[in-house]
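Please look over the model shown here before reading on.

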Amino acid sequence: MALILLAVAATLTVYYLIAKKFADIAASKGYSETKYFWICILLGIIGYLWVIALPKIYPKSRNKQ
């Protein structure tokens, strides 16, 4: 029983760390870190792919010439 609990705790820790890293990536692209953290936690690999596919947000005040 203790081995099962240890395995579950290790799995949840890994899921948390991966979701946190992908949330940091989403934040660096200009999106909400909290939102994409929960998307990655709840959707797993689909959430990771979603974050990878996000385009960067550019400021609207940027002058294009």
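Some questions and answers on packing and exposure follow.

Reader: How are the residues numbered, and what kind of model is this?

Author: Residues are numbered from 1 along each chain as its sequence is written. This is a predicted model, in which local features need pLDDT of at least 70, side-chain atom pairs count only at pLDDT 80 or more, and totals for chains, interfaces and linings use all residues, while side-chain values use heavy atoms and leave out hydrogens and water.

Reader: Which helices each supply at least two residues of the largest nonpolar core?

Author: A nonpolar core is a set of buried Ala, Val, Leu, Ile, Met, Phe, Trp, Tyr and Cys residues joined through side-chain atoms within 4.5 Å. Buried means under 20% relative accessible area, exposed over 50%, and partly exposed in between (1.4 Å probe, protein chains only). The largest nonpolar core here has eleven residues, among them Ala19, Phe37 and Val51. At least two residues each come from helix 1 (2-28), helix 2 (33-43) and helix 3 (45-53), where helices (H or I, at least four residues) are DSSP runs numbered from the N terminus.

Reader: Are helix 1 and helix 2 parallel, perpendicular, antiparallel or oblique to each other?

Author: Axes are lines fitted to C-alpha atoms, for helices over the stretch in contact, and angles run from 0 to 180 degrees between N-to-C directions. Helix 1 and helix 2 have axes 8 Å apart and pack at an angle of about 140 degrees. Angles under 35 degrees count as roughly parallel, over 145 as roughly antiparallel, 65 to 115 as roughly perpendicular and the rest as oblique. Helix 1 and helix 2 are therefore oblique.

Reader: Which residues does tyrosine 36 touch, not counting those up to four places away in sequence?

Author: Tyrosine 36 belongs to the largest nonpolar core. Contact means heavy atoms within 4.5 Å. With residues up to four places away in sequence left out, tyrosine 36 touches Ala23, Ala26, Tyr31, Trp50, Val51 and Leu54.

Reader: Is lysine 20 buried, partly exposed or exposed?

Author: Lysine 20 lies in helix 1. Beyond residues up to four places away in sequence, lysine 20 touches Glu33 and Phe37. Its relative accessible area is 32%, so lysine 20 is partly exposed.

Reader: What distance separates the C-alpha atoms of lysine 56 and glycine 30?

Author: Lysine 56 is in the segment after helix 3 and counts as exposed at 56% relative accessibility. Lysine 56 and glycine 30 are 26 residues apart along the chain, and their C-alpha atoms are separated by 6.4 Å.
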